[in-house]
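Please work through the exercises below with the sequence and the structure open beside you, and try each task before reading its solution.

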Amino acid sequence: MPETGPMKACWTPERVATVVTTIAKMDASRSHYFLASHSPITGILDERLQRPLDEESLFKAVFDRSRAETLAVIWGEPGSGKSHLIHWLKLRTEYALKHGELDTMLPVLVQRRSGNLKDALQQLVEQLPPEFQKYMDPVRKALDRINADTAREMLANALSIELLPQTRQERGLAPLDRRLGKVRELCLSPGTRGWLCRPDGVIDREVRRLTGTERQGGEPREARFEFSEFTAITPQHLRGNSAAAMEVVDEIEFEPELAHQVAAAFNDALPFAVGGLTGLGGTTLREVFDAIRSDLKASKRWLALFIEDVSVMSDLDSDVLRAVEPQSNPKLCRLVAVLGMTDGGKNRLRDNELGRIHLLVQMRRSVEEWRDSEEAVAQFAARYLNAVRLREDDVRKLAAHRRTGGDVNRSACDGCQVREGCFPAFGSVELEGVQIGLFPFTRPAPRKLLVALDTSKGGIRQNQRGFLDQVLRPAVQELEQFEERSFPDPTSFSVRLDEPLHWAPFTARNCVNWSIEDKDRLRFLAQAWIEGRSEQDYASLLTPLLAPLGFEPFTGGQVAPRRVQPPQPQLRPDKEPPKPETPEPPKDGLKKAGNIQNALADWIARPDGVLEHDGPIRDLLLKFVKSCLPVENEWGLPVREFKRLLGNKKSSVYVEGQRSQPAAVVFELKFERSEETRALIEALAYFEHVGSASWSFKSGEHYKRVVSRWLRRNGRAFLQRLEPAGLDRERPVRAAIAVLCLAAAVRRRKALPKSRTEALDEIFTPFEVDPVLLKPGTDWERRLKTLRTSHEELRQFVLAELDVPQGMTSDATNFVDPRPVLEAIPAFADTWQVPDLPQDYSTSHWKARYEPARLCEYFVDLPALLATEREELKRHLEMIRRVVDTPSSGAPQAVRKYLKEMGELVRTLREQKLVLPDDAFEAVKPRLAEAAESAGEVEAAITADSSTGVEPILTFAPEPFSSLAAVLGTCQQFVERVEVEVDRTEKRLTAEGDPDALQKSLLARLDALAAGPAEEGER
Amino acid sequence: MSRVADLCRRVESLERKKVHGVLVKALSTYDTDLEKLSRALSSNAAGVETVERVFGPETAATLRGKLRESSHKVARLASNFAKRIRANPAFVGKNEAGDAISDLKGLAPAAARTVADAWAKAMADRCELLRARIAVAELAGAGSGSELRRELDRVQSGRLPSSETEVQGVVEFFARADSAVAKVGASQRLSSFVENAMRGSASGRDLDDPEVRAFLDAHRLWQRLTVKLT
């Protein structure tokens, strides 16, 4: 290891390409690499005996001479290593054959490769000696047949035959529900047949698997009929069907559960149909194998067949299984068949098929045990690293040794000049007496990276294949990264690692003036290369890695590098934990803080990174801004507005890139994606979870400074975000005060007092009673009612806006800044105008804040609003003048006279016993005298009526006047009524004969009669 | 006066009007009765004039003398009634008023009967005289007086004429009748004797009149005379 500068890669890129591959190196030219890097597979389980097996014991079990024929199935999830194990068995078999351990045996290996039947059978053909080629003619014919364009139609026909009740009976399948007796019609009727044979349908996919035209990449895609295949038939495919097919469709539509039975029936039928289609089904495949075995028997040879993944042979897996099952036929040679199978394929095997298998080997625990062992993963990595470093001749020698069952016994590190520095820094593993350095990893690194692989991304699994693809190759393939001091590059690994705890204070102290890239690299090392949870751990465990990986020394003082101990079985160094200097954090506090750190790391890493689990983070931020933003020092923002905007909902806090997207949020206090924000959140997380809402924890002071710095830099700016942008904050206050002045004038029916103090008192006096108006039901009245009901809110708005906060704990206003009020009162008194409030105040998050002040809009045009009141005043006056029959001058006296006469009228009516029921007049009758006393109000009304400004109308008290007018109006109506009644009575009396006239006439006649004798006498 | 004050006044007067209203019917009835009385009195006056035109002033004067008493009674009653009403308008509603009116009403038919009776008597007297003259004329051989007699019967059976035409017809008839019997030259005394004798009521002393004896002799009417003692 050089004394200065970073370490260089001790391998070549070509060797990386050769060694680090997930495709087994099974050809003769590369098999030594396979053996050199192969790790003994552990965790293999004999499922029948529940007995663990190692590779060698499995080999011996497979080739147990006590059995003439052996059928072994190795099953496990994709990537679990079953293929690797089968490859190893094949190589072990060849080694045994070469060294006389086994003899006269012909080994054949069918690899997965492109993953289709055509390729699988082709491999089988190619590995047999030329004289056996003739037996493959049926296979070739089958392959030609399934190339035909009509394959889909043929498969549908074959399915229809397999769905016949008698066919199912022959296959040993249970009868279908009687309602599905005609289910085969789905394959024959034009419409449903077209649906089943549609592109990318199950039949189409199966045909493409057979013909090798399946899409490239990924695992072979199995074609299975699903529930939806029979419930989602398109309308166009429901046309042109036979009655029988529609009968089945109707049954399924009526009872959708039947679709499951139909799918199961089709899946039962599919393997037989494929067999029928290819000509390989039934006994054909078996006859081929039997013929081959018969000939091998004649030539005193026997067959060892290794199929990496039998599932790729489409639905012929059962036929393949049947072809190689033990037969005890003396004409046939010995057959050892080892079949790899996915767990899905294995689960589809029927009991009778499982019963024919001699060895059922499970791989699942193998992966789990390997992944759980730091040592096993480190050794796995070491074998590959060693193979990468070794010269090819050494690899061959190593492979030869391994064929004998040994492990790695050659280390490229033997004799390396930098070994003395490399091993202490990066560690090593011992394999069969040799030490293999783990550079560029450390001992914990391979497993930590393995278990951190992000399985949410397509195709990544935490198994051997995943390790090679996603951990080892990114670490070793770019040699320049070591010289360029860019190793490890966190972006090269698809991993999700926990953020290191207490990392920020550590870097603040030890990475001063470091580049961001170096800080990222160092964090990555802290996450994956070491097992550290404290600043002390980081200092001691990372220091040895600094120089070899091109870092600057830590800046926080001399920290003695801790010597890396030889590999130990335990994960943590064998040392006593440091004595706690501060109270222990809550049990899960560090975990919670770590989770937040992890989320922040993913978020800050990329400009489009998403902040996952943002809820707790926004809770922290909300709590922080509510308690720490300097509201008290910033006059102008009411405390209640501050509380309203932030509330108790975290939706009021938004972190750029957060996962949650709350709907209909009025206000968001946005935290931009920045290192400063990340540091703040981290500090808050530690404060909350590690310090239990205090700074009394290790590194607490550091985090406290982070928060303080953030507040100094951003506090005021964040508060400003709560304020209306670009608007005069006093304008709504002035408008509101004008409305309060208006309310006081209307309430008092007087102008505001000249004294400012008294005026101040008056405008803040509650407006509790609806004002009396001359004309009710007008827009003016409605607005005044609104003013009264909103008065308190308006008052509180002004008080809140003028509040001089004395703390955040109470919304109560104890002190206000009176200057704006004292300026606004004279302004209103001079003009009697309420200013308007622009619409800008009704937008955005401040809309609710200024909503009370919007009341001013109701009273902007006072002259128009008061027009009805003025008209009513005029109308009342005209009515009074008309009633009392007088011009305006002297009206009060006329009113008094009128009312006096009304009193006389009342008395006369009473005396004359003329009763005219009139509720309205009865109500005012007792008030005639009182009304007469208020006759002077007429004078005030005349004055108000003659004015043109709003003030006389606003300050005119209409109640006594309107009451007087009402009395006079009622009197007038009563007088009219009395007049009508008197007219009517008089007319009635006159119609019967006017007594006066009659009397007059009578007297005249009498007088004439009385004069009669004189007249007679004169004659 | 203001509207209310005027109304006040009207209301106040309503009660009085209502009280008077109770008397309206009586007043109306009385008025009607008095009107009828007036008409009857007027009719009587017209009848007196008719009598005067037909039978002469003496007969009329006699009739007026008979009517004067009832007229005075009417005037007295009317004057008293008027005084009572003026003193108390409500008097008309009292029973006394009704009695007074009844008294007044009762005077009109009596006056009318007086006139009618006077007319009938004057008519009868005149017709009697004419019939006697007609009879004298017939006795004197002046021709048949039957036509005249029938005319006389028709006139006598008629009531007091009410129209000028009727009055004129009666006046002309009597003129024509007088003219017709005047040719006989019989004096009034003779005519009366003849007429009385024809009714059987002539007096024996009439025979002392030379003109009567001359007439009886001239027209050899002695044998047709009968004496009767009653």
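The exercises that follow deal with ring pairs, charged pairs and the contact between two chains in a predicted model.

**Exercise 1.** Determine what kind of aromatic pair Trp780(A) and Phe859(A) form, and which parts of chain A the pair ties together.

*Solution.* Begin with the whole structure, where a search over all chains finds 46 aromatic pairs. In the pair of Trp780(A) and Phe859(A), the distance is 6.2 Å centre to centre, with 90 degrees between the planes. Planes over 60 degrees apart count as edge-to-face, and the pair of Trp780(A) and Phe859(A) is edge-to-face. Next, locate the partners: Trp780(A) belongs to helix H36 (residues 779-801), while Phe859(A) lies in the loop between helix H37 (819-831) and helix H38 (862-865), so the pair ties together parts of chain A that are 79 residues apart in sequence. Finally, consider accessibility, for which both Trp780(A) and Phe859(A) come out as buried.

**Exercise 2.** Classify the ring pair of Tyr841(A) and Tyr850(A), and state whether the two residues are buried or exposed.

*Solution.* The ring centres of Tyr841(A) and Tyr850(A) are 5.4 Å apart and their planes stand at 85 degrees, so this pair is edge-to-face. As to accessibility, both Tyr841(A) and Tyr850(A) are buried. Ring pairs can also link up into a cluster, and one cluster has among its members Trp11(A), Phe426(A), Phe524(A) and Trp529(A).

**Exercise 3.** Find which charged residues lie over the faces of Trp195(A) and Trp75(A).

*Solution.* Over the face of Trp195(A) lies Arg198(A), at 3.7 Å from the ring centre. Over the face of Trp75(A) lies Lys346(A), for which the value is 4.6 Å from the ring centre.

**Exercise 4.** For the salt bridges of Arg713(A) with Glu676(A) and of Lys874(A) with Asp945(A), work out which helices are linked and how accessible each partner is.

*Solution.* The search of the whole structure finds 78 salt bridges over all chains. In one of them, the side chains of Arg713(A) and Glu676(A) meet at 3.5 Å, N to O. Arg713(A) is in helix H33 (residues 700-722) and Glu676(A) in helix H32 (residues 675-690), so the bridge ties together parts of chain A that are 37 residues apart in sequence. Arg713(A) has a relative accessible area of 56% and is exposed, whereas Glu676(A), with 29%, is partly exposed.

For the second bridge, the side chains of Lys874(A) and Asp945(A) meet at 3.0 Å, N to O. This pair links distant parts of the chain, with Lys874(A) in helix H39 (residues 867-884) and Asp945(A) in helix H43 (residues 937-946) of chain A, 71 residues apart. Lys874(A) is partly exposed, at 37% relative accessible area, while Asp945(A), at 16%, counts as buried.

**Exercise 5.** Describe the contact between chain B and chain A, and identify which element gives the most to the side of chain B.

*Solution.* Start with the residues: the contact takes 41 from chain B and 37 from chain A. The area buried between the two chains is about 3,600 Å², and carbon and sulfur atoms give 65% of this area. Then turn to the charges, where six salt bridges are found across the interface. Arg1005(A) forms a salt bridge with Asp31(B), the closest N and O atoms being 2.5 Å apart. The count of residue pairs in polar contact between chain B and chain A is seven. On the side of chain B that touches chain A, helix H1 (3-55) and helix H2 (57-87) are the elements that give two or more residues, and H1(B) gives the most, with 27 residues.

Definitions and conventions
Residues are numbered from 1 along each chain as its sequence is written. Chains are lettered from A and ligands numbered from 1 in the order in which they are written. This is a predicted model: local features need pLDDT of at least 70, side-chain atom pairs count only at pLDDT 80 or more; totals for chains, interfaces and linings use all residues. Side-chain values use heavy atoms; hydrogens and water are left out. Rings of Phe, Tyr and Trp (its six-membered ring) pair if their centres lie within 6.5 Å; planes under 30 degrees apart count as stacked, over 60 as edge-to-face and the rest as tilted. Helices (H or I, at least four residues) and strands (E, at least two) are DSSP runs, numbered from the N terminus. Buried means under 20% relative accessible area, exposed over 50%, partly exposed in between (1.4 Å probe, protein chains only). A charge sits over a ring if NZ of Lys or CZ of Arg is within 6 Å of the ring centre and within 35 degrees of the ring normal. A salt bridge is a side-chain nitrogen of Lys or Arg within 4 Å of a carboxyl oxygen of Asp or Glu. Contact means heavy atoms within 4.5 Å. Buried area is the accessible area (1.4 Å probe) that two parts lose on being put together, summed over both. A polar contact is a pair of N or O atoms within 3.5 Å; within protein, one must be able to donate a hydrogen and the other to accept it, and residues adjacent in sequence count only if both atoms are side-chain atoms.
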